[in-house]
Amino acid sequence: MGNESSGNRKIVVINTGGTIAMELDEGTDAVSVGNEQPLHRLEPLLSQYAQSEMIDLFQVPSPHMTPAMMEELADVVRTQLASEHVSGVVITHGTDTLEETAYYLDLTVASDKPIVVTGAMRSSNEVGADGPVNLIESIRVAADPRSEGRGTLVVFNDEIHAARFVTKTHTSNVSTFQSPSYGPIGFVTARGVSYHQPVSRSKTYHFTSPRTVHIPLVKMVAGEEAAWLEWLLDLKIDGVIVEAFGAGNVPPSVVPVIQRLCDRQLPVVIVSRCYNGYVQDVYGYEGGGKQLRDLGCIFSNGLNGQKARIRLLVLCAAGVKVDEMQDHFQF
Ligand SMILES: NC(=O)C[C@H](N)C(=O)O
């Protein structure tokens, strides 16, 4: 049980689905939702670590998550954390889009109380199921006062990651969640919870709903043709994320499309296909970062494409103007 002093702090567990809430059906050899919610079977075990309560909000595989559902979840989190009886929340979630939901919460829930997101790579009845240990460790992290004021955390496989940095890196390994460039910010051990990085949390934004904001993500490949992107000009979109090469460069062929999007005063945010490092206006050749900067593109700092999209979606929903966007991608 460890030596943490979790006292009488109540942690609310909000279930949203994913493999942690699924089971392997031996007949069909497929992982899917069973007749029972397996997380409920863990409730007596959780009470050994903290007083807790479970809310079943969704039962979806995380590829079915949408920004509207993230906002519904954020609302429940805000309501729970507003109660003086609740000292933190744990969200169980599918791993495929877990980093997007975690980052959405990081940007939209202002409370200093701990918010922890977790899941599992092996379903509830598989040998070596990782859901129970991930959930217990998440409860321990959420109940620990040292987790306060750190923004949304992702707890997986004994590690604590900041929502801003973490990403899913492996299709099946239980150590799938990693923070490239930065590493985990803390660990969960048999004896307690420890942090080795200082608190650095995201600024939060307020708005009523992200429902009407549309932000596609497009990835650059060698030989990309303008025609593959021209559909962007025909759709009602609020901005676009371009996953560019290296330090932030695109093939010359797509520059005219990017130029037309910029001319329409739409935010065009440049991120990198590389999962380490920053994008910068370094190169002066056709399609290089300097040209993209001159066209009015916004350069994102250290966010992968899917998280830059969540950030742009939140900024658009919060009414941030295009000419102010660069400052909000500088953090
Ligand atoms: N391990 C998982 O949870 C993956 C699953 N496909 C999901 O994201 O719902």
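**Group meeting: a walk through the sheet, the ligand shell and some loops**

Okay, let's start in the middle of things: strand β5, residues 86-92, runs parallel to β6, and 4 bridges join the two. One pair to find on your screens is I91 in β5, whose bridge partner in β6 is V117. Before I go on, please keep in mind that this is a predicted model.

So, β6. How are the faces of strand β6, residues 115-118, covered? Both of them are: I115 and V117 sit on one side, V116 and T118 on the other, and all four are buried. As background, side chains in a regular strand alternate between the two faces of the sheet.

Now zoom out. β5 and β6 belong to an open sheet of 8 strands, and the order is β4-β1-β5-β6-β7-β8-β11-β12, with mixed pairing. Which strands stand at the edges? Those are β4 (51-60) and β12 (193-195); each has a single partner strand, so one side of each has no neighbour in the sheet. Going across, the twist averages 25 degrees from one strand to the next.

Mixed pairing means there's some antiparallel in there too, and β7 with β8 is a case of it: residues 152-156 pair with residues 159-162 in the antiparallel sense, over 4 bridges. V155 has I160 in β8 as its bridge partner. The loop between β7 and β8 holds N157. Have a look at its backbone: phi of N157 is near 55 degrees, which is a positive value in a residue other than glycine. Is N157 buried or exposed? Somewhere in the middle: N157 has 19 other C-beta atoms within 10 Å, so it counts as partly exposed. Buried would take 20 or more.

There's another residue like that further along. S181, in the loop between β10 (177-178) and β11 (186-188), has phi near 75 degrees, again positive and again not a glycine. S181 counts as exposed, because it has 11 C-beta neighbours inside 10 Å.

Right, on to what you probably came for, the ligand. Which residues surround the ligand? Going along the chain, G18 and T19, then P61 and S62, then G94, T95 and D96, and finally G119 and M121. By type, that shell comes out as 2 nonpolar, 6 polar and 1 charged.

Two of those names turn up again in the UniProt record. An unreviewed entry there carries the annotation "active site" on T19 and T95. They span 77 residues in sequence, yet their C-alpha atoms are no more than 7.7 Å apart, so the two gather at one spot. T19 is in the loop between β1 (10-17) and β2 (23-25). Although it's in a loop, T19 is buried, because 26 other C-beta atoms lie within 10 Å.

While we're in the record: the unreviewed UniProt entry also has "domain: L-asparaginase N-terminal" over residues 10-198. Over that stretch the chain is 23% helix and 29% strand, and the end C-alpha atoms are 25 Å apart.

One helix from that region, α4, residues 131-143. Its 13 residues reach 18 Å from first C-alpha to last, close to the 18 Å expected at 1.5 Å a residue. How many of the 13 residues of α4 are buried? It's 11, so think of the helix as mostly covered. Among the buried ones are E137 and R140, along with L135, I136 and I139.

Last stop, β13, β14 and β15. β14, residues 240-244, runs parallel to β13 (217-219), with 3 bridges joining them, and V218 has V242 as its bridge partner in β14. β14 also runs parallel to β15 (268-272), this time with 5 bridges, and E243 stands opposite V271 in β15. How covered is β14? 5 of its 5 residues are buried. V240, V242 and A244 point one way, I241 and E243 the other, so yes, there's a buried glutamate in there for you to look at.

Finally, the loop between β13 and β14 contains G223. In contrast to buried β14, G223 is exposed, because it has 8 other C-beta atoms within 10 Å. The C-alpha atoms of G223 and V254 are separated by 9.8 Å, with the two residues 31 apart along the chain.

That's my tour, thanks.

Methods
Residues numbered from 1 in each chain as written. Predicted model: local features only at pLDDT ≥ 70, side-chain atom pairs only at ≥ 80, totals over all residues. Near = placed C-beta within 6 Å. Nonpolar A, V, L, I, M, F, W, Y, C, P; charged D, E, K, R; others polar. UniProt positions renumbered as here; feature names shortened; annotations may be inferred. Expected span 1.5 Å × (residues − 1). Buried ≥ 20, exposed ≤ 12 C-beta atoms within 10 Å, placed from the backbone. Pairing = 2+ DSSP bridges. Axes fitted to C-alpha atoms, helices over the stretch in contact; angles between N-to-C directions.
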